[in-house]
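Subject: Structure handover

Hi,

Here is the structure I promised to pass on. Have a look at it first, then read on for what turned up.

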Amino acid sequence: QVQLVESGGRLVQVGQSLRLSCSTSGVTVRPYAMGWFRQAPGKEREFVADITWNDGATYYADSVKGRFTISRDDVKRTVSLQMNSLKREDTGVYYCVRANTPYPPQFRTDRSPWDHWGQGTQVTVSA
């Protein structure tokens with residue numbers, strides 16, 4: 001049973017930074033691609049970023065490119081999302097996701113190809 005647990009979400013002001021973490025548990029004998037999605041109030045859940053486990057290649061949504069950085073810790077088996085220059089539109093629940101393959105799904109920005117989801121952590125950016 002794979003479990004993903006997000007942490008780090010809180011209330012911050014516009015322009016500030018925040019770091020989210022995702023810890024994994026369960027039996028894992030191979031590396032997997034991981035990523036983040038988010039869902040703002042009243043909106044569809046959207047892709048944020050992902051990282052390939054074995055070579056660390058990253059991919060970002062245009063809306064966060066240059067501001068967010070996804071990283072991984074192979075020893076701790078955690079994935080983090082460093083969020084800088086936060087905007088009000090970054091507000092939402094952030095979900096950690098994991099694929100069952102080392103590389104992200106072909107349609108990485110879609111929700112359905114990602115096999116495992118965390119419960120989410122709330123990020124609120126106020127003016």
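A cut-off before anything else: a residue is called exposed when its relative accessible area is over 50%, buried when that area is under 20%, and partly exposed in between. By that scale Glu44 is exposed, because its relative accessibility is 58%. Please also keep in mind that this is a predicted model.

**Overall picture**

The chain holds 11 strands and 0 helices, so if you read along the sequence you just get β-β-β-β-β-β-β-β-β-β-β. The radius of gyration is 14 Å, close to the 14 Å that the globule rule gives for 127 residues, so the chain is as compact as a globular protein of that length. If you need a box, the C-alpha atoms fill one of roughly 45 × 25 × 25 Å along the principal axes.

On the surface side, the accessible area comes to about 6,700 Å², and carbon and sulfur atoms account for 46% of that. Of the 127 residues, 40% count as buried. If you take contacts between residues at least 6 apart in sequence, 59% of them join residues at least 24 apart.

**β9 and its neighbours**

β9 (92–98) is a good place to start browsing. This strand is mostly covered, with 6 of its 7 residues buried. Which strands does β9 pair with?

- β4 pairs with β9 in the antiparallel sense over 6 bridges, and here Gln39 stands opposite Val93 of β9.
- β11 runs antiparallel to β9 and is joined to it by 3 bridges; the bridge partner of Tyr94 in β11 is Thr121.
- β10 is also antiparallel to β9, over 2 bridges, and Val97 has Trp117 in β10 as its bridge partner.

As general background while you look at these strands, side chains in a regular strand alternate between the two faces of the sheet.

**The nonpolar core**

Tyr94 comes up again in the largest nonpolar core, which has 31 residues: Trp36, Leu81, Met83 and Tyr94 are the ones that touch the most other members. The elements that give two or more residues to this core are β3 (18–25), β4 (34–39), β5 (46–51), β7 (68–73), β8 (78–83), β9 and β11 (121–126). The largest share, 4 residues, comes from β5.

**Salt bridges**

How many salt bridges are there? The count comes to 6. Here are three of them, with a little context for each.

Arg111 forms a salt bridge with Glu44, and their closest N and O atoms are 3.6 Å apart. Arg111 lies in the loop between β9 and β10 and Glu44 in the loop between β4 and β5, so the pair ties together parts that are 67 residues apart in sequence. As for cover, Arg111 is partly exposed, with a relative accessible area of 40%, whereas Glu44 is the exposed residue from the top of this email, at 58%.

The side chains of Asp90 and Arg67 meet at 2.7 Å, N to O. This pair also links distant parts of the chain: Asp90 sits in the loop between β8 and β9, Arg67 in the loop between β6 (58–60) and β7, and they are 23 residues apart. Are these two buried or exposed? Asp90 is buried, with a relative accessible area of 0%, and Arg67 counts as buried too, at 11%. Salt bridges that share partners join Arg38, Glu46, Arg67 and Asp90 into one network.

Then there is Asp62 with Lys65, where the closest N and O atoms are 3.1 Å apart. Asp62 is exposed, with a relative accessible area of 66%.

**One more residue**

Pro102 is found in the loop between β9 and β10 (116–117). Is Pro102 buried or exposed? Its relative accessibility is 17%, so Pro102 counts as buried. If you want a distance to check in your viewer, Pro102 and Val123 are 28 Å apart in space, C-alpha to C-alpha, with their positions 21 residues apart in sequence.

Over to you!

Terms used:
Residues numbered from 1 in each chain as written. Predicted model: local features only at pLDDT ≥ 70, side-chain atom pairs only at ≥ 80, totals over all residues. Heavy atoms only, no water. Buried < 20%, exposed > 50% of the residue type's maximum accessible area, 1.4 Å probe, protein only. Core = buried A, V, L, I, M, F, W, Y, C linked by side-chain atoms within 4.5 Å. Salt bridge = Lys/Arg side-chain N within 4 Å of Asp/Glu carboxyl O. Rg over C-alpha atoms; globule rule 2.2 N^0.38 Å. Contact = heavy atoms within 4.5 Å. Areas by Shrake-Rupley, 256 points an atom, 1.4 Å probe, with all protein chains shown as cover. Pairing = 2+ DSSP bridges.
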